[in-house]
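Trainee: I should like to learn how to read the features of a protein model. May we go through one together, feature by feature?

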Amino acid sequence: MEPELASCLSQLEAIENDARDLTAGLADAQFNWRPEPRRWSIAQCLSHLTVMAHLYFPKIGQAITEAQAKGLVGRGPFHHTVLGNWFIRALEPPPRFKVTATGPLRPVSEQSLENGAREFQAAQDQDPRQQIGDVVDK
């Protein structure tokens, strides 16, 4: 598998594992605790990741399907545009700047650990991992 795609798949799995490990054994109050008024709780972080997964995973899956239909597949290495490289660097930890999440990207204010974990896992289960694996295995 092309190293960049393998890295993407590995990162998705690591996010799932980290979320599971981070929330294991927490009470709802701990899950919703905020270190400061302007900082997010674990619940809000998972909620935001869930919202972003629901927003982006279907688009990624659709792009893969359309590329396959057109025979647009490659083995890499892949190259990004200047804007794409900037976007990738800007989002890699640690964040270089903070952006306020607004509207539908804003996480829920409080939720139970059970609901938050279930919704997060449901979002992860609809990810395009299988499609990415299918593309690179052909």
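Mentor: Let us begin with exposure to solvent, bearing in mind that this model is predicted. A residue is called buried under 20% relative accessible area and exposed over 50%, and partly exposed in between. E36 has a relative accessibility of 42%, so this residue counts as partly exposed.

Trainee: With which residue does the side chain of E36 meet in a salt bridge?

Mentor: A salt bridge is counted when a side-chain nitrogen of Lys or Arg is within 4 Å of a carboxyl oxygen of Asp or Glu. The partner of E36 is R39, with 4.0 Å from N to O. R39 is partly exposed as well, at a relative accessible area of 41%.

Trainee: How many salt bridges does the count come to?

Mentor: The count comes to two. The pair not yet described is R118 and E114, whose closest N and O atoms are 3.9 Å apart.

Trainee: Where do R118 and E114 lie, and how far apart are they in the helix?

Mentor: The general idea is that an α-helix has 3.6 residues a turn, so residues three or four places apart point the same way. In this case, both residues belong to helix α5, which covers residues 113-125, and they are four residues apart, or about one turn. R118 is partly exposed, with 47% relative accessibility, whereas E114 is exposed, with 59%.

Trainee: How should I describe the secondary structure of the chain?

Mentor: One counts the helices and strands, and then reads their order. Here there are six helices and zero strands, and the order along the sequence is α-α-α-α-α-α. The C-alpha trace spans about 50 × 30 × 25 Å along its principal axes. Of the 138 residues in the chain, 26% are buried.

Trainee: What span does helix α1 reach, and what is expected for it?

Mentor: One compares the distance between the end C-alpha atoms with the expected rise for each residue. Helix α1 runs over residues 3-23, which is 21 residues, and reaches 30 Å, close to the 30 Å expected at 1.5 Å a residue.

Trainee: Which residues of α1 are buried?

Mentor: They are L5, L9, L12, E16, A19 and T23. Viewed down the axis of α1, these buried residues fall within an arc of 90°, so they line one face of the helix. The other side of α1 holds the exposed residues P3, D18, D21 and L22. Just after the helix, G25 has a positive phi of about 80°.

Trainee: What should I note about the course of helix α3?

Mentor: A helix may be examined for its span and for any bend. Helix α3, residues 42-69, has 28 residues and reaches 40 Å between its first and last C-alpha atoms, close to the 40 Å expected at 1.5 Å a residue. There is also a kink of about 30°, centred on A53. A53 is itself among the buried residues of α3, which include F57, G61 and I64.

Trainee: Which residues form a nonpolar patch on the surface?

Mentor: The patch consists of L83, W86, F87, L91, F97 and V99, and together they have about 680 Å² of accessible area. F87 lies in helix α4, which covers residues 82-91. With 46% relative accessibility, F87 counts as partly exposed.

Trainee: How far apart in space are E4 and F78?

Mentor: Here one sets the separation in sequence beside the separation in space. E4 and F78 are 74 residues apart in sequence, and their C-alpha atoms are 7.8 Å apart. E4 belongs to helix α1 and is partly exposed, at 28% relative accessible area.

Trainee: What separates the C-alpha atoms of L113 and Q30?

Mentor: That distance is 9.1 Å, although the two residues are 83 residues apart along the chain. L113 is in helix α5 and counts as buried, with 15% relative accessibility.

Trainee: How far apart in space are A101 and Q111?

Mentor: Their C-alpha atoms are 18 Å apart, with their positions ten residues apart in sequence counted as the separation. A101 is in the loop between α4 and α5, and at 10% relative accessibility this residue counts as buried.

Technical notes:
Residues are numbered from 1 along each chain as its sequence is written. This is a predicted model: local features need pLDDT of at least 70, side-chain atom pairs count only at pLDDT 80 or more; totals for chains, interfaces and linings use all residues. Side-chain values use heavy atoms; hydrogens and water are left out. Patches are made of residues with over 30% relative accessible area and no salt bridge: like charges are joined within 9 Å, nonpolar side chains (Val, Leu, Ile, Met, Phe, Trp, Tyr) within 5 Å. Accessible areas come from the Shrake-Rupley method with a 1.4 Å probe; for residues, only the protein chains shown count as cover. Helices (H or I, at least four residues) and strands (E, at least two) are DSSP runs, numbered from the N terminus. Buried means under 20% relative accessible area, exposed over 50%, partly exposed in between (1.4 Å probe, protein chains only). The expected span of a helix is 1.5 Å times one less than its number of residues. The arc is that of the directions from the helix axis to the C-beta atoms. The bend at a residue is the angle between axes fitted to the seven residues ending there and the seven starting there.
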